[in-house]
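Reader: I would like a close look at one part of this model, taken slowly and with the reasoning left visible. Please begin with the hairpin and its turn, and then work outward to whatever surrounds it.

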Amino acid sequence: MKKVAKINILLALAIMAAGMVVAGCKSAPDLTQAQALTMIQAKYDATAPTGAGVTVNNDGMVAGVTAKYWTRTTIYPNKYWADFTLTADGKKVLKLESGGDVIKWRPQSPTDKDFSIAVETVQANHLKARDIKDVQDGVGGIKTVTFTEGVDLTGVPDALVAIAHNPGNQLTTTRTANFMVTNGAWALQSIQ
């Protein structure tokens with residue numbers, strides 16, 4: 001009888017311990033869209049700000065001359081090739097991705113609308129996250145959220161912003177962020 005009593009006591013203790021373990025287990029806290037946006041933006045703000053890459057097409061070249069960012073210094077015999085030199089005002093707001101201060105405009109023909117050059121804004125900003133979609137459950141306790149990553153043109157002169165909005169420029173990208181619970185709280189793991 002003593003053996004049965006000991007087994008019952010041990011069984012009762014085991015059940016109580018299991019109950020404590022189950023009661024002590026908490027599900028992961030909710031991850032809201034606002035929390036996700038805050039963590040993503042904090043990641044962007046922690047990285048070094050950079051200038052925005054801008055593709056300059058034919059319309060952009062005309063706008064750049066009008067804004068006095070560059071002037072034509074050489075025209076070639078075929079009449080559609082030219083060299084443009086950055087002005088002092090141009091050097092204050094942009095730099096050529098190819099380096100130097102001379103734009104070598106070399107379209108394939110006078111009607112070539114696909115030729116472009118790449119410049120970068122001198123004004124450096126952090127990327128901006130916006131348009132957070134619903135938080136989705138992923139594999140292994142991970143949560144994912146889709147959002148829009150955008151180039152921030154704050155502080156860039158209006159004429160250069162207008163050039164950046166010409167065809168060929170991608171100012172926003174759809175990204176996915178992955179979150180995982182770390183030390184009882186959601187933490188940003190990666191952005192793809």
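Author: In the hairpin formed by E2 and E3, six residues lie between the strands, and among them Lys79 takes a positive phi near 70 degrees. The model is a predicted one, and that should be kept in mind for every value that follows. Most residues other than glycine have a negative phi, and Lys79, with a positive phi of about 70 degrees, is not a glycine. Lys79 sits in the loop between E2 and E3, and this residue counts as exposed because its relative accessibility is 61%, where the cut-off for exposed is over 50%.

A second residue of this kind is found just before the hairpin, in the loop between H3 and E2, which is the place of Lys68. Lys68 also is not a glycine and yet has a positive phi, of about 65 degrees. With a relative accessible area of 54%, Lys68 is exposed.

The two strands of the hairpin run antiparallel and are joined by five bridges. Across this pairing, Arg72 stands opposite Phe84, which belongs to E3. On the other side of the account, E3 also pairs with strand E5 (residues 102-105), again in the antiparallel sense, over four bridges. The bridge partner of Phe84 in E5 is Ile103, so that Phe84 has a partner in E5 as well as Arg72 opposite to it. E3 is mostly covered, since four of its five residues are buried, that is, under 20% relative accessible area.

The hairpin also carries an aromatic pair, and it is worth setting beside another pair elsewhere in the chain. By the rule used here, the count comes to four aromatic pairs. One of them joins Tyr44 and Phe147, a tilted pair with 6.4 Å from centre to centre and 55 degrees between the planes. Because Tyr44 lies in helix H2 (residues 33-46) and Phe147 in strand E9 (residues 143-150), this pair ties together parts that are 103 residues apart in sequence. Tyr44 is buried, with a relative accessible area of 7%, and Phe147 is buried too, with a relative accessible area of 1%. The pair at the hairpin is formed by Tyr76 and Trp81, and it is edge-to-face, with 6.3 Å from centre to centre and 80 degrees between the planes. Here Tyr76 is partly exposed, at a relative accessible area of 26%, and Trp81 likewise counts as partly exposed, at 32% relative accessibility.

The hairpin leads on to the largest pocket, which has a volume of about 220 Å³. Of the 16 residues that line this pocket, the closest to its centre are Asn58, Lys79, Tyr80, Trp105 and Pro107, so Lys79, the turn residue with the positive phi, appears again in this list. Helix H3 (58-66), strand E2 (70-75) and strand E3 (82-86) each supply at least two residues of the lining, and H3 gives the most, with three residues. Sorted by class, the lining has ten nonpolar, two polar and four charged residues.

Two further places may serve for comparison with the hairpin. Val151 is found in the loop between E9 and helix H5 (158-164), and at 30% relative accessibility it counts as partly exposed. Leaving aside neighbours within four places in sequence, Val151 is in contact with Ala52, Leu127, Gln170 and Leu171. The C-alpha atoms of Val151 and Ala129, which are 22 residues apart along the chain, are separated by 9.1 Å. Asn178, by contrast, lies in a strand, E10 (residues 172-182), and counts as buried at 12% relative accessibility. Not counting residues up to four places away in sequence, Asn178 touches Ile142, Lys143, Thr144, Ala187, Leu188, Gln189, Ser190 and Gln192.

As for the chain in which these parts are set, its secondary structure comes to five helices and eleven strands. Buried residues make up 28% of its 192 residues. Among the contacts in the chain with a separation of 6 or more, 58% are between residues 24 or more positions apart.

Notes. Residues numbered from 1 in each chain as written. Predicted model: local features only at pLDDT ≥ 70, side-chain atom pairs only at ≥ 80, totals over all residues. Heavy atoms only, no water. 1 Å grid on protein atoms, 1.4 Å probe; cavity = no way out; pocket = protein on both sides within 12 Å on 5 of 7 lines; lining within 4 Å. Points joined across faces, edges and corners; volume = space filled by probe spheres on them. Nonpolar A, V, L, I, M, F, W, Y, C, P; charged D, E, K, R; others polar. Buried < 20%, exposed > 50% of the residue type's maximum accessible area, 1.4 Å probe, protein only. Contact = heavy atoms within 4.5 Å. Phe/Tyr/Trp six-rings, centres within 6.5 Å; stacked < 30°, edge-to-face > 60°. Pairing = 2+ DSSP bridges.
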